Amino acid sequence: MSDGDTASLNWYEATRVASPARPRLNFDADVDVCVVGGGLAGLTVAREVARRGWSVAVLEADRIASAASGRNTGFVLPGFGAHIEDIVERVGLDHAKQLWALSEQGLDYVRATVAEAELPGVDPVPGWLHVSKTDNDREVRAEIERLRWIGADVEFWPAARVRGELDNPRYFNAAHFRRAFHIHPLNYALGLAALAEQAGARIFEETPALEIDPAGVRKRIATPGGRVRAAHVVLAGNVQLGELMPRLAATLLPITTFVMVSEPLGPQLDDVIRWRGAVSDTNRADNHYRIVGGNRLQWSGRMRAWEADPRRIGRGLVNDIRRNFPALGEVEVAHLWRGTLGRTVHRMPQIGEIERGLWVASGFGGHGLNTTAMGGDLVARGIVENDQTWRLFAPYELVWAGGRLGRAVAQGIYWGTRPADRFAQALARRNERARARKAAKLAGRATAVQ
Ligand SMILES: Cc1cc2nc3c(=O)[nH]c(=O)nc-3n(C[C@H](O)[C@H](O)[C@H](O)COP(=O)(O)OP(=O)(O)OC[C@H]3O[C@@H](n4cnc5c(N)ncnc54)[C@H](O)[C@@H]3O)c2cc1C
(Lines give C-alpha, C1' and ligand atoms only; values in the text may rest on other atoms or scores of the structure.)
Protein backbone atom coordinates (compact mmCIF):
# COMPACT_ATOMS: atom_id res chain seq x y z
CA MET A 1 0.00 0.00 0.00
CA SER A 2 1.28 3.45 -0.82
CA ASP A 3 0.64 6.38 1.45
CA GLY A 4 -1.12 8.34 -1.29
CA ASP A 5 -4.61 9.71 -1.28
CA THR A 6 -6.37 6.85 -3.01
CA ALA A 7 -4.75 4.28 -0.74
CA SER A 8 -6.13 5.96 2.35
CA LEU A 9 -9.53 6.84 0.87
CA ASN A 10 -12.40 5.02 2.44
CA TRP A 11 -13.83 2.54 -0.11
CA TYR A 12 -17.33 3.74 0.66
CA GLU A 13 -16.32 7.34 -0.14
CA ALA A 14 -14.78 6.11 -3.39
CA THR A 15 -18.05 4.39 -4.36
CA ARG A 16 -20.61 6.75 -2.81
CA VAL A 17 -23.72 7.79 -4.72
CA ALA A 18 -24.26 11.47 -5.54
CA SER A 19 -25.63 13.35 -2.56
CA PRO A 20 -25.98 17.11 -2.15
CA ALA A 21 -23.99 19.03 0.46
CA ARG A 22 -26.41 20.41 3.05
CA PRO A 23 -26.28 24.02 4.26
CA ARG A 24 -25.06 25.24 7.62
CA LEU A 25 -27.70 26.59 9.96
CA ASN A 26 -27.43 30.38 9.73
CA PHE A 27 -30.78 31.47 11.17
CA ASP A 28 -32.93 30.77 14.22
CA ALA A 29 -35.32 27.87 13.79
CA ASP A 30 -38.38 26.68 15.67
CA VAL A 31 -39.22 22.98 15.29
CA ASP A 32 -41.02 20.20 17.09
CA VAL A 33 -37.92 17.99 17.26
CA CYS A 34 -34.21 18.80 17.04
CA VAL A 35 -31.91 15.83 16.41
CA VAL A 36 -28.23 16.23 17.32
CA GLY A 37 -26.15 13.91 15.11
CA GLY A 38 -26.57 12.89 11.47
CA GLY A 39 -25.52 9.25 11.69
CA LEU A 40 -27.89 6.35 11.12
CA ALA A 41 -29.60 6.82 14.49
CA GLY A 42 -30.30 10.54 14.02
CA LEU A 43 -31.35 10.15 10.38
CA THR A 44 -33.79 7.36 11.23
CA VAL A 45 -35.34 9.45 14.02
CA ALA A 46 -35.64 12.42 11.64
CA ARG A 47 -37.25 10.37 8.88
CA GLU A 48 -39.75 8.72 11.21
CA VAL A 49 -40.69 11.98 12.96
CA ALA A 50 -41.13 13.79 9.61
CA ARG A 51 -43.20 10.92 8.19
CA ARG A 52 -45.62 11.44 11.05
CA GLY A 53 -46.07 15.10 10.09
CA TRP A 54 -43.96 16.82 12.77
CA SER A 55 -41.27 19.37 11.96
CA VAL A 56 -37.71 18.20 12.57
CA ALA A 57 -34.19 19.61 12.14
CA VAL A 58 -30.98 17.53 12.17
CA LEU A 59 -27.76 19.23 13.30
CA GLU A 60 -24.64 17.45 12.08
CA ALA A 61 -21.24 18.76 13.21
CA ASP A 62 -19.48 17.35 10.14
CA ARG A 63 -21.05 15.66 7.08
CA ILE A 64 -23.91 13.18 7.13
CA ALA A 65 -22.65 9.70 8.11
CA SER A 66 -19.04 10.85 8.21
CA ALA A 67 -18.51 8.95 11.49
CA ALA A 68 -19.22 5.27 12.32
CA SER A 69 -22.36 5.12 10.16
CA GLY A 70 -20.41 5.65 6.94
CA ARG A 71 -17.30 3.70 7.96
CA ASN A 72 -18.49 0.39 9.32
CA THR A 73 -18.21 -3.15 8.01
CA GLY A 74 -21.76 -3.15 6.66
CA PHE A 75 -23.16 -6.32 8.30
CA VAL A 76 -26.85 -6.02 9.13
CA LEU A 77 -27.38 -8.68 11.78
CA PRO A 78 -30.11 -9.56 14.24
CA GLY A 79 -29.52 -9.20 17.98
CA PHE A 80 -27.32 -6.86 20.02
CA GLY A 81 -23.73 -6.45 21.16
CA ALA A 82 -24.68 -8.20 24.42
CA HIS A 83 -24.74 -11.97 24.40
CA ILE A 84 -28.27 -13.36 24.46
CA GLU A 85 -27.59 -15.35 27.66
CA ASP A 86 -26.61 -12.15 29.47
CA ILE A 87 -29.78 -10.46 28.24
CA VAL A 88 -31.95 -13.33 29.49
CA GLU A 89 -30.13 -13.31 32.83
CA ARG A 90 -30.70 -9.59 33.24
CA VAL A 91 -34.30 -9.16 32.06
CA GLY A 92 -35.84 -12.65 31.98
CA LEU A 93 -36.85 -14.86 29.07
CA ASP A 94 -40.06 -13.15 27.89
CA HIS A 95 -38.50 -9.72 28.00
CA ALA A 96 -35.41 -11.01 26.15
CA LYS A 97 -37.66 -12.46 23.43
CA GLN A 98 -39.30 -9.05 23.00
CA LEU A 99 -35.90 -7.38 22.73
CA TRP A 100 -34.74 -9.93 20.17
CA ALA A 101 -37.92 -9.35 18.12
CA LEU A 102 -37.17 -5.61 18.17
CA SER A 103 -33.64 -6.28 16.94
CA GLU A 104 -35.11 -8.26 14.03
CA GLN A 105 -37.49 -5.36 13.33
CA GLY A 106 -34.43 -3.12 12.97
CA LEU A 107 -33.04 -5.51 10.38
CA ASP A 108 -36.44 -5.56 8.58
CA TYR A 109 -36.49 -1.76 8.64
CA VAL A 110 -33.20 -1.53 6.74
CA ARG A 111 -34.20 -4.24 4.27
CA ALA A 112 -37.63 -2.68 3.60
CA THR A 113 -36.25 0.86 3.29
CA VAL A 114 -33.65 -0.20 0.73
CA ALA A 115 -36.18 -2.25 -1.26
CA GLU A 116 -39.19 0.08 -1.15
CA ALA A 117 -37.26 3.24 -1.95
CA GLU A 118 -34.96 1.36 -4.35
CA LEU A 119 -31.98 3.09 -2.74
CA PRO A 120 -29.08 3.15 -5.21
CA GLY A 121 -25.65 1.66 -4.48
CA VAL A 122 -26.65 -0.11 -1.25
CA ASP A 123 -26.45 -3.59 -2.84
CA PRO A 124 -27.77 -5.89 -0.10
CA VAL A 125 -26.35 -9.44 -0.20
CA PRO A 126 -27.99 -12.13 2.00
CA GLY A 127 -26.54 -14.30 4.76
CA TRP A 128 -24.03 -14.16 7.59
CA LEU A 129 -21.81 -17.07 8.62
CA HIS A 130 -20.43 -17.04 12.12
CA VAL A 131 -17.63 -19.56 11.72
CA SER A 132 -15.98 -21.54 14.47
CA LYS A 133 -12.26 -22.19 14.44
CA THR A 134 -12.50 -24.95 16.99
CA ASP A 135 -14.19 -28.33 16.70
CA ASN A 136 -17.11 -27.54 18.98
CA ASP A 137 -20.19 -28.89 17.16
CA ARG A 138 -22.05 -29.73 20.33
CA GLU A 139 -21.62 -26.26 21.83
CA VAL A 140 -22.58 -24.52 18.61
CA ARG A 141 -25.66 -26.70 18.13
CA ALA A 142 -26.73 -25.91 21.71
CA GLU A 143 -26.17 -22.19 21.12
CA ILE A 144 -28.24 -22.37 17.92
CA GLU A 145 -31.05 -24.09 19.81
CA ARG A 146 -31.04 -21.31 22.41
CA LEU A 147 -31.08 -18.64 19.70
CA ARG A 148 -33.97 -20.35 17.90
CA TRP A 149 -35.89 -20.47 21.14
CA ILE A 150 -35.43 -16.72 21.49
CA GLY A 151 -36.68 -16.21 17.93
CA ALA A 152 -33.61 -16.23 15.68
CA ASP A 153 -33.63 -17.77 12.20
CA VAL A 154 -30.32 -19.62 12.35
CA GLU A 155 -29.12 -23.00 11.07
CA PHE A 156 -26.12 -25.23 11.77
CA TRP A 157 -23.53 -25.77 9.03
CA PRO A 158 -21.10 -28.69 9.50
CA ALA A 159 -17.40 -28.19 8.74
CA ALA A 160 -17.63 -29.86 5.30
CA ARG A 161 -20.26 -27.38 4.15
CA VAL A 162 -18.30 -24.42 5.55
CA ARG A 163 -15.10 -25.56 3.84
CA GLY A 164 -17.06 -26.03 0.62
CA GLU A 165 -17.73 -22.30 0.65
CA LEU A 166 -14.57 -21.02 2.34
CA ASP A 167 -11.29 -22.73 1.55
CA ASN A 168 -9.82 -22.57 5.03
CA PRO A 169 -8.74 -25.76 6.88
CA ARG A 170 -8.83 -23.76 10.13
CA TYR A 171 -12.60 -23.54 9.81
CA PHE A 172 -14.95 -26.01 11.47
CA ASN A 173 -18.73 -25.54 11.80
CA ALA A 174 -20.73 -22.32 11.44
CA ALA A 175 -23.99 -20.73 12.48
CA HIS A 176 -25.75 -19.41 9.40
CA PHE A 177 -28.05 -16.45 10.06
CA ARG A 178 -30.33 -16.60 7.06
CA ARG A 179 -32.08 -13.24 7.49
CA ALA A 180 -28.87 -11.24 7.95
CA PHE A 181 -27.33 -9.39 5.00
CA HIS A 182 -24.59 -6.94 4.16
CA ILE A 183 -24.79 -3.51 2.56
CA HIS A 184 -22.86 -0.41 1.51
CA PRO A 185 -23.55 1.52 4.72
CA LEU A 186 -22.63 5.01 3.48
CA ASN A 187 -24.99 4.76 0.51
CA TYR A 188 -27.70 3.51 2.84
CA ALA A 189 -27.18 6.52 5.14
CA LEU A 190 -27.19 8.95 2.20
CA GLY A 191 -30.40 7.34 0.93
CA LEU A 192 -31.93 7.60 4.38
CA ALA A 193 -31.05 11.31 4.56
CA ALA A 194 -32.75 11.89 1.19
CA LEU A 195 -35.85 10.02 2.38
CA ALA A 196 -35.93 12.07 5.60
CA GLU A 197 -35.80 15.26 3.55
CA GLN A 198 -38.52 14.03 1.19
CA ALA A 199 -40.68 13.51 4.28
CA GLY A 200 -40.00 17.13 5.35
CA ALA A 201 -36.93 16.96 7.64
CA ARG A 202 -34.29 19.68 7.37
CA ILE A 203 -30.66 18.64 7.64
CA PHE A 204 -27.82 21.04 8.46
CA GLU A 205 -24.21 19.96 7.96
CA GLU A 206 -21.11 21.52 9.55
CA THR A 207 -23.43 22.67 12.30
CA PRO A 208 -22.28 21.49 15.72
CA ALA A 209 -24.67 21.81 18.63
CA LEU A 210 -22.55 23.80 21.09
CA GLU A 211 -24.87 24.06 24.04
CA ILE A 212 -28.24 22.72 25.07
CA ASP A 213 -30.58 24.25 27.62
CA PRO A 214 -32.95 21.38 28.24
CA ALA A 215 -35.04 23.19 30.87
CA GLY A 216 -38.54 24.37 30.02
CA VAL A 217 -41.12 23.27 27.52
CA ARG A 218 -39.15 24.69 24.57
CA LYS A 219 -35.53 23.58 24.71
CA ARG A 220 -32.79 25.76 23.25
CA ILE A 221 -29.84 24.52 21.23
CA ALA A 222 -27.02 26.91 20.32
CA THR A 223 -24.95 26.44 17.14
CA PRO A 224 -22.28 28.76 15.68
CA GLY A 225 -24.69 30.31 13.15
CA GLY A 226 -28.13 30.17 14.74
CA ARG A 227 -30.31 28.81 17.52
CA VAL A 228 -32.92 26.09 17.47
CA ARG A 229 -35.94 25.93 19.76
CA ALA A 230 -37.63 22.57 20.02
CA ALA A 231 -40.13 20.72 22.20
CA HIS A 232 -37.99 17.59 21.98
CA VAL A 233 -34.25 17.12 21.57
CA VAL A 234 -32.76 13.78 20.53
CA LEU A 235 -29.11 13.16 21.38
CA ALA A 236 -27.78 10.89 18.64
CA GLY A 237 -24.15 12.02 18.68
CA ASN A 238 -22.48 8.74 19.67
CA VAL A 239 -18.92 9.12 21.05
CA GLN A 240 -18.46 12.57 19.49
CA LEU A 241 -21.04 14.07 21.85
CA GLY A 242 -18.19 14.65 24.35
CA GLU A 243 -18.15 18.32 25.22
CA LEU A 244 -21.84 18.89 24.66
CA MET A 245 -22.94 16.26 27.18
CA PRO A 246 -19.85 15.03 29.06
CA ARG A 247 -21.86 12.89 31.46
CA LEU A 248 -23.61 11.09 28.65
CA ALA A 249 -20.37 10.76 26.67
CA ALA A 250 -18.74 9.17 29.73
CA THR A 251 -21.13 6.24 29.46
CA LEU A 252 -19.55 5.21 26.16
CA LEU A 253 -16.25 3.47 25.61
CA PRO A 254 -14.74 4.61 22.30
CA ILE A 255 -13.42 1.62 20.37
CA THR A 256 -11.58 2.11 17.09
CA THR A 257 -11.61 -0.64 14.49
CA PHE A 258 -9.93 -0.76 11.08
CA VAL A 259 -11.34 -1.75 7.72
CA MET A 260 -9.45 -2.46 4.50
CA VAL A 261 -10.46 -3.18 0.94
CA SER A 262 -7.97 -4.98 -1.29
CA GLU A 263 -6.92 -4.21 -4.82
CA PRO A 264 -8.96 -6.34 -7.27
CA LEU A 265 -8.07 -10.03 -6.93
CA GLY A 266 -7.81 -12.55 -9.74
CA PRO A 267 -9.90 -15.69 -10.40
CA GLN A 268 -8.34 -17.32 -7.32
CA LEU A 269 -10.78 -15.27 -5.21
CA ASP A 270 -13.75 -17.29 -6.49
CA ASP A 271 -11.86 -20.54 -5.88
CA VAL A 272 -11.02 -19.63 -2.29
CA ILE A 273 -14.04 -17.61 -1.13
CA ARG A 274 -17.13 -18.88 -2.91
CA TRP A 275 -19.59 -17.54 -0.33
CA ARG A 276 -20.96 -14.09 -1.16
CA GLY A 277 -22.58 -13.31 2.20
CA ALA A 278 -20.85 -11.84 5.25
CA VAL A 279 -18.41 -13.86 7.40
CA SER A 280 -17.08 -13.48 10.93
CA ASP A 281 -14.88 -16.04 12.57
CA THR A 282 -14.46 -16.48 16.27
CA ASN A 283 -11.57 -14.07 16.71
CA ARG A 284 -13.76 -11.57 18.57
CA ALA A 285 -13.03 -8.12 17.13
CA ASP A 286 -11.01 -9.60 14.23
CA ASN A 287 -11.79 -11.15 10.89
CA HIS A 288 -15.07 -9.83 9.60
CA TYR A 289 -15.02 -10.00 5.84
CA ARG A 290 -16.95 -10.03 2.60
CA ILE A 291 -16.45 -9.55 -1.14
CA VAL A 292 -17.16 -6.03 -2.42
CA GLY A 293 -17.08 -4.53 -5.90
CA GLY A 294 -17.19 -7.99 -7.47
CA ASN A 295 -13.53 -8.94 -6.95
CA ARG A 296 -12.18 -7.17 -3.88
CA LEU A 297 -11.90 -8.47 -0.35
CA GLN A 298 -13.05 -6.23 2.50
CA TRP A 299 -11.55 -7.25 5.83
CA SER A 300 -11.92 -5.63 9.24
CA GLY A 301 -10.56 -6.09 12.72
CA ARG A 302 -7.66 -5.08 14.97
CA MET A 303 -9.61 -3.21 17.56
CA ARG A 304 -7.80 -0.40 19.40
CA ALA A 305 -8.98 1.62 22.37
CA TRP A 306 -6.49 4.37 21.47
CA GLU A 307 -4.62 5.82 18.47
CA ALA A 308 -2.58 3.43 16.29
CA ASP A 309 -0.46 3.72 13.15
CA PRO A 310 -2.80 2.70 10.29
CA ARG A 311 0.10 1.37 8.15
CA ARG A 312 1.04 -1.13 10.86
CA ILE A 313 -2.58 -2.08 11.19
CA GLY A 314 -2.82 -2.51 7.40
CA ARG A 315 0.07 -4.98 7.50
CA GLY A 316 -1.61 -6.78 10.39
CA LEU A 317 -4.86 -7.15 8.45
CA VAL A 318 -3.01 -8.51 5.40
CA ASN A 319 -1.26 -11.02 7.67
CA ASP A 320 -4.66 -12.08 9.02
CA ILE A 321 -5.84 -12.68 5.44
CA ARG A 322 -2.66 -14.60 4.56
CA ARG A 323 -2.97 -16.79 7.64
CA ASN A 324 -6.57 -17.67 6.82
CA PHE A 325 -6.42 -17.83 3.02
CA PRO A 326 -2.83 -18.42 1.84
CA ALA A 327 -4.16 -19.59 -1.55
CA LEU A 328 -5.24 -16.03 -2.31
CA GLY A 329 -1.58 -15.17 -2.89
CA GLU A 330 -0.46 -11.56 -2.74
CA VAL A 331 -3.16 -9.26 -1.33
CA GLU A 332 -2.59 -5.52 -1.57
CA VAL A 333 -4.36 -2.86 0.42
CA ALA A 334 -6.16 -0.36 -1.80
CA HIS A 335 -8.23 1.35 0.89
CA LEU A 336 -7.73 1.46 4.61
CA TRP A 337 -9.66 3.47 7.13
CA ARG A 338 -10.72 3.50 10.74
CA GLY A 339 -13.97 4.09 12.51
CA THR A 340 -14.88 4.61 16.13
CA LEU A 341 -17.87 3.07 17.78
CA GLY A 342 -19.32 3.80 21.20
CA ARG A 343 -19.75 0.77 23.40
CA THR A 344 -21.78 0.75 26.60
CA VAL A 345 -20.74 -1.27 29.62
CA HIS A 346 -23.71 -3.61 29.24
CA ARG A 347 -23.30 -3.69 25.43
CA MET A 348 -26.93 -2.72 24.95
CA PRO A 349 -28.03 0.54 23.31
CA GLN A 350 -29.24 3.62 25.16
CA ILE A 351 -32.74 4.33 23.91
CA GLY A 352 -35.37 6.50 25.54
CA GLU A 353 -36.34 9.71 27.32
CA ILE A 354 -33.83 10.72 30.02
CA GLU A 355 -35.52 13.99 31.02
CA ARG A 356 -38.83 15.42 29.91
CA GLY A 357 -38.40 16.12 26.18
CA LEU A 358 -34.72 15.08 26.18
CA TRP A 359 -34.18 11.78 24.38
CA VAL A 360 -31.16 9.62 23.76
CA ALA A 361 -30.48 7.22 20.85
CA SER A 362 -26.91 6.12 21.33
CA GLY A 363 -24.47 3.40 22.43
CA PHE A 364 -25.17 1.07 19.51
CA GLY A 365 -21.65 -0.35 19.71
CA GLY A 366 -20.48 -2.68 16.97
CA HIS A 367 -24.06 -3.80 16.33
CA GLY A 368 -25.55 -0.56 15.10
CA LEU A 369 -26.98 -1.23 11.66
CA ASN A 370 -30.09 -3.01 12.90
CA THR A 371 -30.26 -1.28 16.31
CA THR A 372 -29.99 2.33 15.04
CA ALA A 373 -32.95 1.60 12.74
CA MET A 374 -34.95 0.03 15.54
CA GLY A 375 -33.88 2.63 18.15
CA GLY A 376 -34.54 5.56 15.82
CA ASP A 377 -38.00 4.25 15.05
CA LEU A 378 -38.80 3.67 18.75
CA VAL A 379 -37.69 7.17 19.74
CA ALA A 380 -39.75 8.78 16.93
CA ARG A 381 -42.81 6.77 17.97
CA GLY A 382 -42.20 7.66 21.61
CA ILE A 383 -42.09 11.37 20.77
CA VAL A 384 -44.96 11.63 18.30
CA GLU A 385 -47.31 8.84 19.39
CA ASN A 386 -46.36 8.53 23.03
CA ASP A 387 -45.55 4.89 22.27
CA GLN A 388 -43.85 3.35 25.31
CA THR A 389 -42.06 0.41 23.65
CA TRP A 390 -38.71 2.11 24.25
CA ARG A 391 -39.19 1.33 27.96
CA LEU A 392 -38.17 -2.26 27.18
CA PHE A 393 -34.64 -0.82 27.24
CA ALA A 394 -35.11 0.78 30.67
CA PRO A 395 -33.14 -1.99 32.49
CA TYR A 396 -30.08 -0.80 30.58
CA GLU A 397 -29.25 2.41 32.36
CA LEU A 398 -26.60 5.00 31.63
CA VAL A 399 -23.57 3.45 33.32
CA TRP A 400 -20.15 5.14 33.50
CA ALA A 401 -17.82 3.38 31.05
CA GLY A 402 -14.70 3.72 33.19
CA GLY A 403 -12.83 6.47 31.29
CA ARG A 404 -9.18 5.61 30.51
CA LEU A 405 -9.31 2.60 32.80
CA GLY A 406 -12.31 1.23 30.90
CA ARG A 407 -10.38 1.59 27.64
CA ALA A 408 -7.34 -0.18 29.08
CA VAL A 409 -9.53 -3.05 30.29
CA ALA A 410 -11.24 -3.41 26.89
CA GLN A 411 -7.88 -3.43 25.09
CA GLY A 412 -6.43 -5.91 27.60
CA ILE A 413 -9.34 -8.31 27.13
CA TYR A 414 -8.90 -8.14 23.35
CA TRP A 415 -5.16 -8.75 23.46
CA GLY A 416 -5.54 -11.41 26.13
CA THR A 417 -8.05 -13.45 24.15
CA ARG A 418 -6.02 -13.56 20.91
CA PRO A 419 -3.39 -16.06 22.21
CA ALA A 420 -6.09 -18.11 23.96
CA ASP A 421 -8.15 -18.26 20.76
CA ARG A 422 -5.08 -19.29 18.75
CA PHE A 423 -4.23 -22.06 21.21
CA ALA A 424 -7.77 -23.47 21.07
CA GLN A 425 -7.70 -23.34 17.28
CA ALA A 426 -4.35 -25.13 17.04
CA LEU A 427 -5.63 -27.82 19.42
CA ALA A 428 -8.76 -28.31 17.31
CA ARG A 429 -6.70 -28.77 14.15
CA ARG A 430 -4.35 -31.22 15.90
CA ASN A 431 -7.34 -33.26 17.13
CA GLU A 432 -8.79 -33.31 13.65
CA ARG A 433 -5.51 -34.60 12.16
CA ALA A 434 -5.30 -37.29 14.88
CA ARG A 435 -8.88 -38.39 14.12
CA ALA A 436 -8.09 -38.55 10.40
CA ARG A 437 -4.95 -40.68 11.09
CA LYS A 438 -6.97 -43.04 13.31
CA ALA A 439 -9.71 -43.37 10.68
CA ALA A 440 -7.10 -44.14 8.00
CA LYS A 441 -5.49 -46.76 10.23
CA LEU A 442 -8.85 -48.43 10.92
CA ALA A 443 -9.70 -48.38 7.22
CA GLY A 444 -6.30 -49.98 6.51
CA ARG A 445 -6.94 -52.74 9.08
CA ALA A 446 -10.43 -53.38 7.66
CA THR A 447 -8.97 -53.80 4.15
CA ALA A 448 -6.32 -56.17 5.54
CA VAL A 449 -9.00 -58.36 7.26
CA GLN A 450 -11.00 -58.60 4.00
C1 LIG B 1 -15.16 0.08 11.92
C2 LIG B 1 -16.58 -0.19 12.35
C3 LIG B 1 -17.23 -1.33 11.89
C4 LIG B 1 -18.55 -1.57 12.27
N5 LIG B 1 -19.19 -2.62 11.71
C6 LIG B 1 -20.52 -2.80 11.97
C7 LIG B 1 -21.24 -3.84 11.32
O8 LIG B 1 -20.74 -4.56 10.45
N9 LIG B 1 -22.55 -4.03 11.67
C10 LIG B 1 -23.16 -3.24 12.60
O11 LIG B 1 -24.34 -3.48 12.89
N12 LIG B 1 -22.50 -2.22 13.20
C13 LIG B 1 -21.22 -1.98 12.89
N14 LIG B 1 -20.55 -0.93 13.47
C15 LIG B 1 -21.28 -0.06 14.40
C16 LIG B 1 -22.14 0.98 13.70
O17 LIG B 1 -21.44 1.58 12.63
C18 LIG B 1 -22.54 2.07 14.72
O19 LIG B 1 -23.10 1.48 15.86
C20 LIG B 1 -23.57 3.04 14.16
O21 LIG B 1 -23.19 3.53 12.90
C22 LIG B 1 -23.76 4.20 15.14
O23 LIG B 1 -24.59 5.15 14.53
P24 LIG B 1 -24.87 6.51 15.29
O25 LIG B 1 -25.81 7.28 14.43
O26 LIG B 1 -25.28 6.23 16.69
O27 LIG B 1 -23.47 7.24 15.41
P28 LIG B 1 -22.46 7.93 14.34
O29 LIG B 1 -22.51 7.27 13.03
O30 LIG B 1 -21.15 8.00 15.04
O31 LIG B 1 -23.05 9.37 14.18
C32 LIG B 1 -23.05 10.34 15.20
C33 LIG B 1 -22.98 11.70 14.52
O34 LIG B 1 -23.24 12.72 15.49
C35 LIG B 1 -22.47 13.83 15.16
N36 LIG B 1 -22.33 14.69 16.35
C37 LIG B 1 -21.76 14.34 17.53
N38 LIG B 1 -21.80 15.40 18.39
C39 LIG B 1 -22.45 16.38 17.72
C40 LIG B 1 -22.80 17.72 18.08
N41 LIG B 1 -22.50 18.24 19.27
N42 LIG B 1 -23.44 18.49 17.16
C43 LIG B 1 -23.77 17.97 15.94
N44 LIG B 1 -23.44 16.72 15.56
C45 LIG B 1 -22.78 15.94 16.44
C46 LIG B 1 -21.14 13.25 14.68
O47 LIG B 1 -20.45 14.15 13.85
C48 LIG B 1 -21.62 12.01 13.93
O49 LIG B 1 -21.75 12.23 12.53
C50 LIG B 1 -19.22 -0.67 13.15
C51 LIG B 1 -18.57 0.47 13.60
C52 LIG B 1 -17.27 0.72 13.21
C53 LIG B 1 -16.60 1.96 13.69
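Throughout this tour, two residues are in contact when heavy atoms of theirs lie within 4.5 Å. Keep in mind that you are looking at a predicted model.

**Stop 1: Asn 324 and its neighbours**

Select Asn 324 and show whatever surrounds it. Which residues does it contact, once neighbours within four places in sequence are set aside? You should find Lys 133, Asp 167, Asn 168, Arg 170, Tyr 171, Asp 281, Asn 287 and Trp 299. Now pick out Lys 133 from that group: its side chain makes a polar contact of 3.0 Å with the side chain of Asn 324. Colour by secondary structure and you'll see Asn 324 in helix H11, residues 310-324. Is Asn 324 buried or exposed? Its relative accessibility is 3%, and buried means under 20%, so Asn 324 counts as buried.

**Stop 2: the whole chain**

Zoom out for a moment. The chain has 450 residues, and 54% of them count as buried. Secondary structure comes to 13 helices and 17 strands. If you like contact maps, look off the diagonal: among contacts between residues at least 6 apart in sequence, 76% join residues at least 24 apart. Put a surface on the chain and you have about 19900 Å² of accessible area, with 52% of it belonging to carbon and sulfur atoms.

**Stop 3: the ligand**

Next, select the ligand and the residues around it. How many residues surround the ligand? The count is 38, and the closest are Glu 60, Ser 69, Phe 75, Gly 365 and Leu 369. Colour this shell by residue class and you get 17 nonpolar, 19 polar and two charged residues.

Try labelling some backbone distances here. A nitrogen atom of the ligand sits 3.0 Å from a polar backbone atom of Thr 73. For Gly 74, a polar backbone atom is 3.3 Å from an oxygen atom of the ligand. Over at Leu 40, the distance between a ligand oxygen and a polar backbone atom is 3.1 Å. As for cover, the ligand taken alone exposes 1000 Å², and the protein buries 96% of that.

Which elements should you highlight around the ligand? Helix H3, strand S11 (253-262), strand S15 (333-343) and helix H12 (368-385) each supply at least two residues of the shell. Two of these, H3 and H12, are the next stops.

**Stop 4: helix H3**

Select residues 40-51 to get H3. Its twelve residues reach 16 Å from the first C-alpha to the last, close to the 16 Å expected at 1.5 Å a residue. Switch to colouring by accessibility and H3 turns out mostly covered, with eleven of its twelve residues buried. Among the buried ones are Leu 40, Arg 47 and Glu 48. Leu 40 is also the residue whose backbone you just labelled against a ligand oxygen. Step past the helix to Gly 53, which follows H3 and has a positive phi near 90 degrees.

**Stop 5: helix H12**

Now jump to H12. This helix has 18 residues and reaches 24 Å from first C-alpha to last, close to the 26 Å expected at 1.5 Å a residue. Because 17 of those 18 residues are buried, H12 is largely enclosed by the rest of the structure. Asn 386 follows H12, with a positive phi near 55 degrees.

**Stop 6: His 232**

Select His 232 in strand S10, residues 227-235. His 232 is buried, at a relative accessible area of 15%. Leaving out residues up to four places away in sequence, His 232 touches Asp 32, Val 33, Cys 34, Trp 54, Gly 357, Trp 359 and Ile 383. Add a C-alpha distance to Val 56: the two are 176 residues apart in sequence and 9.4 Å apart in space.

**Stop 7: Arg 302 and Asp 320**

Show the side chains of Arg 302 and Asp 320, which are joined by a polar contact of 2.7 Å. Arg 302 belongs to strand S14, residues 296-304. With 15% relative accessibility, Arg 302 counts as buried.

**Stop 8: a loop with positive phi values**

Finish in the loop between helix H5 (93-116) and strand S4 (125-131), where Glu 118 is found. Phi of Glu 118 is positive, near 45 degrees, in a residue other than glycine. Asp 123 is in the loop between H5 and S4 too, and its phi is likewise positive, near 45 degrees. Buried or exposed, these two? Glu 118 counts as exposed at 66% relative accessibility, and Asp 123 counts as exposed at 55%.

Definitions and conventions. Residues numbered from 1 in each chain as written. Predicted model: local features only at pLDDT ≥ 70, side-chain atom pairs only at ≥ 80, totals over all residues. Heavy atoms only, no water. Helix = DSSP H or I, 4+ residues; strand = E, 2+ residues; numbered from the N terminus. Buried < 20%, exposed > 50% of the residue type's maximum accessible area, 1.4 Å probe, protein only. Areas by Shrake-Rupley, 256 points an atom, 1.4 Å probe, with all protein chains shown as cover. Polar contact = N/O pair within 3.5 Å; in protein donor to acceptor, adjacent residues only side chain to side chain. Expected span 1.5 Å × (residues − 1). Near = heavy atom within 4 Å. Nonpolar A, V, L, I, M, F, W, Y, C, P; charged D, E, K, R; others polar.
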